[in-house]
Amino acid sequence: MSDKPGPFKLSPLPYAEDALAPTISAKTVGFHYNKHHKTYVETLNKLVAGTRYADMKLEEVVRATAGKDGEAEKKIFNNAGQVWNHDFYWRSLSPIETKPSGDLKAAIARDFGSSDTLIAELAKAGKEQFGSGWAWLVSQNGKLAVQKTANAIDPMAKGINSLLTVDVWEHAYYLDYQNERPKYLEAVLKKLITWNFAGENLAREAEPVRAAA
Ligand SMILES: [Fe+2]
C-alpha cells in the first residue's frame, strides 16, 4: 500500500457535531462521522490504490462497480457507496428548520398530496427496510418517489436523481433510540430534513430540460 494520501477525502460536516441535538446527539454524530464515515473513506483509499478507480470521481466509482460480481469490485462498491451516501445524508439534515418551497413543494403536492404524506412514506420505507440501509426521496422520469435500499446501495448508482436520504443503519440511531428505529425516523423527518437541499437537487435536474426547451 502506498503512503501517499488517497484520492478520496472525508467531506467536512456541514455543521458542528452537536448541532443536531437533541434529535441526534453529539455522541451519535461524533461516532457516525469520525468512526464509521471516516473508515469508509480510509478503506476505499486502500482498496483503490493502484487501480483504475483511483483516478475516477466518487460517483463514477460507485456506478462502475455497482452490481459487479468480483470480490474486489464488491468491496470497492460498498465503501465508495457508503462514502457517497454519508456525504449525502449529512447534507440532507440541518438544525435550521426549512419547508418545501417552489418547484419542490409543487412536485410534492402533485405526487404525494402533501408533505405529511411524503414524510409518512419515507418513515414507512425506513422502518420496513430489513436490516441496514437507507430511505430516499428521488426524482425519476419526472415524478417524485420514495425508495429504500439495502446496505451501501443507492439510487444514484442507477442514474436516478436523489433528493434526500435518511440513514437507517443501527449506528445512525442506536445510541439515542436503541432499537426504536421508527422513533428516530419520525424525529429526524419532522425536525432535521433540509428541504432546501432537496429543492436544489430537484432544480439541478430541471436545468438541462429548461435549457433544451
Ligand atoms: Fe451511517
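**A tetrahedral iron site and its surroundings**

The site of the iron ion is tetrahedral, with angles of 90 to 128 degrees among its four donor atoms, in what is a predicted model. For four tetrahedral donors, the ideal angle at a metal is 109.5 degrees. The protein donors are the NE2 atoms of His32, His86 and His171 together with OD of Asp167, and they lie 1.9 to 2.1 Å from the iron ion. Along the chain, these donors follow the spacing H-x53-H-x80-D-x3-H, and both aspartate 167 and histidine 171 are buried.

From the metal site we can turn to the nonpolar interior. The largest nonpolar core holds 61 residues, of which Ile24, Tyr89, Leu93, Leu137, Leu144, Tyr184 and Trp195 touch the most other members. Helix H3, spanning residues 71-92, gives the most to this core, with eight residues. In soluble globular proteins, nonpolar side chains tend to be buried together. Leucine 93 illustrates the contacts of one such core member: apart from its neighbours within four places in sequence, leucine 93 is in contact with Tyr15, Leu20, Ile24, Val188, Leu192, Ile193 and Thr194.

A further position to examine is asparagine 151, which is found in the loop between strand E2 (143-150) and strand E3 (161-167). Because its relative accessible area is 42%, asparagine 151 counts as partly exposed. Leaving aside neighbours within four places in sequence, asparagine 151 is in contact with Gln82, Ser132, Gly133, Trp134 and Trp169. Of these partners, glutamine 82 is 69 residues from asparagine 151 along the chain, yet the C-alpha atoms of the two residues are separated by 8.3 Å.

How values were computed
Residues numbered from 1 in each chain as written. Predicted model: local features only at pLDDT ≥ 70, side-chain atom pairs only at ≥ 80, totals over all residues. Heavy atoms only, no water. Donors = N, O, S within 2.8 Å, 3.2 Å for Na, K, Ca; no water. Tetrahedral: all angles 85-135°; square planar, octahedral: opposite > 155°, others 65-115°. Buried < 20%, exposed > 50% of the residue type's maximum accessible area, 1.4 Å probe, protein only. Core = buried A, V, L, I, M, F, W, Y, C linked by side-chain atoms within 4.5 Å. Helix = DSSP H or I, 4+ residues; strand = E, 2+ residues; numbered from the N terminus. Contact = heavy atoms within 4.5 Å.
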